[in-house]
Structures are given as C-alpha cells and as structure tokens.
Amino acid sequence: MTTDIKAALRALHIETPSWAYGNSGTRFKVFAQRGVPRDPYEKLADAAQVHAHTGVAPTVALHIPWDKVADYGHLAAHARELGVGIGAINSNVFQDDAYMLGSVTNPDPAVRRKALAHLLECVDIMDATGSDTLKLWFSDGTNYPGQDDIRARQDRLAEALSAVYARLGEGRRFLLEYKLFEPAFYTTDVPDWGTAYAHCLRLGPKAQVVVDTGHHAPGVNIEFIVAFLLREGKLGGFDFNSRFYADDDLMVGAADPFQLFRIMYEVVRGGGLTAGVAFMLDQCHNIEPKIPGQIRSVMNVQEATAKALLVDRDALAAAQAGGDVLGANAVLMDAYNTDVRPLLAELREETGLAPDPMAAYAKSGYFEKIAAERVGGTQAGWGA
Ligand code: RM4
Ligand code: MN
C-alpha cells in the first residue's frame, strides 16, 4: 500500500514557471527583490534549485517573448546541464499595442496574422527546445455590448487554432487555457472550460484543455471539471495557483488546501497521474521570496497528492454503493486529515534528499550567493 503511494509520489512531476522567479506585483506596483534573475539562463538556475531540493520539479515552463533568447537549443542545453528540462512553451499575445482589440480574434486581419505568426514561432521554439507542449491563453474579448460580433470572434479563434494545430509535430500538443474575465470585462473569447473543450474536441487529440485554478467564478466546483475532462481524455494539465478573490496567483494550496485535495483526488480517481496530465504552477510571488515560494508550492501539491492517494478507494466504493452518505464522506475526510508530512520526509530521505526542502534551501547559501552576484543588469519581471 505505502509502496504504491510512494512510487506514485516519486513519479509526480511538477513544472515551475520561469516567470515566478522574476519580479512581479500587481498593476499598482512591482516590487524588486534582491537576487532576482536577469535573464532566462538565471531563471533556469533558480528553477534547478527547486528541483534539487524537492526532487519533483524537473521541468521549467518558458514564456515567449519574456524568455526570448538568440539560441533556444543553447538554452535547452544549459537547462540540461543544470539538471532540468524545458517544459511548456507559453505564448504571449496580450502585451503588444496591436492587441488592444484582441489578438487572434481581432477584427483586423493584419493583427490576426501577427498573432498567428507568434503562435507558430512558439511551435518552432518547441522544436528547438524539445518541448512537447504549447500553452495558449488569449486575453481576447470585449468590454462593451455591441463592441464586436461575439460569434465572428469564435470563427476567428477557430481558424487560428486550426492553423496552429496543423503545425504541431509528432508527439506535440497544445493546451487551451480559459479564463472567466480580465483583461476583458464584458465578453471573453475563451471564458470557460466548455468553450475550450468544444474547440479542442473539434480539432482532435493534440488539443487539450488546461485548468488554471484561478480562472473561475467564485464557488465553481473545479474538481467536477477535472473529473469530466479526464473522463473525456481532454484534461491536458493544470496551471496551479490559489486565490481568495479572482486571479490572485497566490501559492497553490495556500488559500484552500481542501480544494486542492479534492482536485487531486479526482486526478487520482481518473488515472490522471499517469495520463500525461501536466502539473504546472502559474504563480507570482509578489511579496514572498521566489525560490522558497516555489518550493513551498511544490510541497503543497505533493501533500495534496499524497492525501488523495491515501483515500481508501475500496471502502469509498463500498460506502457509495451502499448509499452510506456519511460513511463515504468520512473515508475522504480521513485521508484529508492525515498528516502526510512524515511520509514525504521519509520519501525524500530515501531518494537522498533532505527531509525538509525549505530548511535545506535556506541553509544552502544559494540566496546569499545570487544576492551578491546578481548586481547590475536589468532584473527579469513583467515583460522580460
Ligand atoms: C494568464 C494565464 C497564463 C499565464 C499568464 C502570465 O492569466 O494564466 O497561463 O501565462 O497569465
Ligand atoms: Mn495560467
């Protein structure tokens, strides 16, 4: 029993985002922190620290053009030397002046062509880095009723998605990300999982949905979405983070660890730990130190997964079949209320890691080193 759980936890792979290592903030203020990377190479070095101390974060997502470099093959080789790999390539069609009225759904065909060219450039970057996943998030939408034709925008979206789909090589996929609102405040062109699912379904197996946990209306039952998409083979991955209000991008498991457990239970239940679902973090550490923020987040996902794996599935099935409402609920709660930290500490020690990654990182001297070395240059942040 514990052996199976440990094996599943060892196989868990959590991807950290390059942008979590740079400076971030809100639209009010971006706070600069000491030691923050000045380029994608330094971001990868920081991500390698997270992997070195947790053992379960072997890949790093890139965001283009924030992580634009002259030679992507060289960047990927650098990652390999550091003991990590390149994960999902995140496209960015939301920060150019041209996109004020949308990117791939813009009424102006010239803007649509520009946006599509960027998406195809991202496919080239996948090929150059060996990444198998492209993540598409569109800020496209409208602010005022009547501003544009809702249905025509869906047509334009479908056209762009099918052009990208056609360019995906063997073994590659794209993940379509939805978000309820922001920056568009009236309509959003991919506002929910149903819209993303419908577009992906039409395209085929290389198109899947990514669930960013911060992209729903308050109260939405995310684990239901997870269960449904997994059953349909359309759950491509997660952008994990947590929120109290809207898209807060706080550390996953910080706001609602019980929700994270419920999500991970549906993942376990649906075979999602072994189905090519990408477990990515999409967070910003505005006021907390970044590398420890990522380590804590990785540990939170590990803990929720361990608890989900502890659910006594036979007892649960028996209670469910017998209509034992309280008994079934108790099986789930027993697992949730188990302290899995000793199990995870043991697992780390078995694989030659320190039992407490937070303490090990603090003791390593890495922060003092980067704070002293990374002086001058421009720190990475929103837009770089
Ligand atoms: C978006 C979305 C994307 C991420 C950007 C930075 O809200 O979550 O996944 O790439 O933010
Ligand atoms: Mn996201």
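A residue is called buried when its relative accessible area is under 20%, exposed when that value is over 50%, and partly exposed in between. With this in mind, select Asp249 in this predicted model: its relative accessibility is 13%, so Asp249 counts as buried. The residue is found in the loop between β11 (235-240) and α8 (257-269), and its phi is positive, about 55°, although Asp249 is not a glycine. Most residues other than glycine have a negative phi, and most peptide bonds are trans.

**The loop between β8 and β9**

Next, select Glu182, another residue that has a positive phi, here about 80°, without being a glycine. Glu182 lies in the loop between β8 and β9, and with a relative accessibility of 35% it counts as partly exposed. Keep Glu182 on display and add Pro183, because the peptide bond that joins them is cis, with omega near 10°. Pro183 is found in the loop between β8 (173-177) and β9.

A second cis bond can be displayed by selecting Ile64 and Pro65, where omega is near 15°. Pro65 has its place in the loop between β4 and α3.

**A cavity**

Glu182 and Pro183 also belong to the lining of the largest cavity, together with Trp137, Phe138, Ser139, Lys179, Phe181, Ala184 and Thr188. Select these residues to frame a space with a volume of about 30 Å³; the search finds one cavity of 30 Å³ or more. By class, its lining divides into five nonpolar, two polar and two charged residues.

From this lining, pick out Thr188, which is found in strand β9 (residues 187-188) and is buried, with a relative accessible area of 14%. For a sense of scale, draw a distance from the C-alpha atom of Thr188 to that of Gly322: the two are separated by 44 Å, and they are 134 residues apart along the chain.

**Aromatic pairs**

Turn now to the rings, among which a search of the whole structure finds 16 aromatic pairs. Start with Trp19 and Trp66, whose ring centres are 6.4 Å apart and whose planes stand at 70°, so the pair is edge-to-face. Trp19 lies in the loop between β1 (14-17) and β2 (24-25), whereas Trp66 lies in the loop between β4 (59-63) and α3 (72-82), so the pair ties together parts that are 47 residues apart in sequence. Are these two residues buried or exposed? Trp19 is buried, with a relative accessible area of 11%, and Trp66 counts as buried too, at 9% relative accessibility.

Another pair to select is Trp193 with Tyr197, which is tilted, with 6.1 Å from centre to centre and 55° between the planes. Both residues lie in helix α6 (residues 193-203), four residues apart, which is about one turn of the helix. Tyr197 is buried, with a relative accessible area of 13%, while Trp193 is partly exposed, with a value of 23%.

To see how ring pairs can join up, select Trp19, Trp66, Phe94 and Trp137, which such pairs link into a cluster.

**Charges over rings**

Two further selections place a charged side chain over a ring. Show Phe258 with Arg262, which lies over the face of the ring at 4.7 Å from its centre. Then show Tyr336 with Lys307, whose charged end sits over the ring, 4.6 Å from the centre.

**The second largest pocket**

Move on to the second largest pocket, which has a volume of about 340 Å³. Its lining counts 21 residues, and those closest to the centre are His13, Gly276, Val277, Ala278 and Phe279, a useful set to select before the rest. The elements that give two or more residues to this lining are α1 (2-11), β5 (85-90) and β12 (278-281). By class, the lining has eleven nonpolar, seven polar and three charged residues.

**Helix α13**

End the tour at helix α13 (residues 357-364), where the buried residues are Pro357, Ala360 and Tyr361. Look down the axis of α13: its buried residues fall within an arc of 100°, so they line one face of the helix. The face turned away from this buried side carries the exposed residues Ala362 and Lys363.

Technical notes. Residues numbered from 1 in each chain as written. Chains lettered and ligands numbered in written order. Heavy atoms only, no water. Phe/Tyr/Trp six-rings, centres within 6.5 Å; stacked < 30°, edge-to-face > 60°. Buried < 20%, exposed > 50% of the residue type's maximum accessible area, 1.4 Å probe, protein only. Lys NZ or Arg CZ within 6 Å of the ring centre and 35° of its normal. 1 Å grid on protein atoms, 1.4 Å probe; cavity = no way out; pocket = protein on both sides within 12 Å on 5 of 7 lines; lining within 4 Å. Points joined across faces, edges and corners; volume = space filled by probe spheres on them. Nonpolar A, V, L, I, M, F, W, Y, C, P; charged D, E, K, R; others polar. Arc of directions from axis to C-beta.
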